[in-house]
Amino acid sequence: MTAQGSSLRTVWDPAGPAGLPFGSNSMQHGTAVFEGIRCYATSRGPAVFRLDDHLARLLASARQLGVPHDYDLPRLRERVLAAARAGGPDEVYLRPVLHTPDERLGIDLARFRFVLAVEVYAMAGEPATTTLPAGVRLTVSPWRRPAATSFPPQVKATGTYVVSALARTAAVAAGHDDAIQLDPVSGRVAEATVANVFLVRDGRLLTPWLADGLLAGITRDTVLVLARRLGIEVVEGPVEPADLSRAQEVFLTGTAAELVPASEVDGHRTDPRGPVFRAVAEAFRDTVRGRRFDDLGWLTHTSLSRHTNPV
Ligand code: PMP
């Protein structure tokens, strides 16, 4: 994780108050929906990676949870780009959060008014190519993901991150860096606490299929697309916990952390500098900064889009 840790600023929508009251429903019950989006430095200035894919997922989260709001895709786009442009480093992590400032009791979300705020975090920027990560130590958590019949896995709501926090905190207390969580119904590998998981076995890239209750990560999708372009065989399918101890490489993917290799899973050693990880990670860092595969249309340049989305 290259995040600098603390927030640079919060950009409140003038449509709502600046601040989230302690008694608000989103604060008390974790009912906000959110996204995490990266803006990278490119030779044509800062560019947001897969902006519309993230915003479409935010709108889908709000729709599935029944969160009432007045935002459409162009309005969200304008607000997130404005937050990215507000000065500071080119490389930032943007977190648009649809939350309710309403201080009333009740949990029928249709009764509340939801507004947007965008939290902006500084990121460290591109690491030197000579820096090879040491790899994280993973463990399979006894705490499973929520069943897809208990909470929809595609809804990114603030409250559900308590589930991830429980598993991560327990894993770190036991001497690991992160936890892999299983689907409670199938018992198969779902994802890590805030990231998707990939395994490499005999040169082939494998990641759990969406049937096992994981978030359809946008970085996961990016890795699948890039790996195919690199000629790597990729499989989305059922992943048993035992497959982890047969993998030569394991790595995690997420917008904030990007691609993070593992050095072990519950004592089984995996190569954090393996050839598949290195090839995909290099393609990823070039793609997000516009040096490769620009034809995919994944970059929204913040300066070029300034006049195209007036509000
Ligand atoms: N799974 C979970 C539970 C997450 O919180 C995240 C981070 N959003 C991911 C996977 C990775 O998703 P993405 O690549 O879209 O950031």
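Modeller: A word on terms before we look at this predicted model: Asp, Glu, Lys and Arg count as charged, and Gly is among the residues that count as polar. With that, the shell around the ligand divides into five nonpolar, seven polar and four charged residues.

Colleague: Thanks! What makes lysine 156 a polar contact of the ligand?

Modeller: An N or O atom in the side chain of lysine 156 is 2.6 Å from a nitrogen atom of the ligand. The cut-off for a polar contact is 3.5 Å, so this pair qualifies. Arginine 57 passes too, with a side-chain N or O atom 2.9 Å from an oxygen atom of the ligand. The protein covers 94% of the 390 Å² of accessible area that the ligand has on its own.

Colleague: Why is the pair of phenylalanine 49 and tryptophan 298 called edge-to-face?

Modeller: Their planes are 85 degrees apart, and anything over 60 counts as edge-to-face, so the name fits. The centres are 5.6 Å apart, within the 6.5 Å that a pair needs.

Colleague: And how do you know that phenylalanine 49 is buried?

Modeller: Its relative accessible area is 7%; buried means under 20%, so phenylalanine 49 qualifies. Tryptophan 298, at 11%, is buried as well.

Colleague: Why is the pair of tyrosine 93 and tyrosine 121 called tilted?

Modeller: The angle between their planes is 55 degrees. Stacked needs under 30 and edge-to-face over 60, so this pair counts as tilted. Tyrosine 93 lies in strand β5 and tyrosine 121 in strand β6, so the pair ties together parts that are 28 residues apart in sequence.

Definitions and conventions:
Residues numbered from 1 in each chain as written. Predicted model: local features only at pLDDT ≥ 70, side-chain atom pairs only at ≥ 80, totals over all residues. Heavy atoms only, no water. Polar contact = N/O pair within 3.5 Å; in protein donor to acceptor, adjacent residues only side chain to side chain. Areas by Shrake-Rupley, 256 points an atom, 1.4 Å probe, with all protein chains shown as cover. Phe/Tyr/Trp six-rings, centres within 6.5 Å; stacked < 30°, edge-to-face > 60°. Buried < 20%, exposed > 50% of the residue type's maximum accessible area, 1.4 Å probe, protein only. Helix = DSSP H or I, 4+ residues; strand = E, 2+ residues; numbered from the N terminus.
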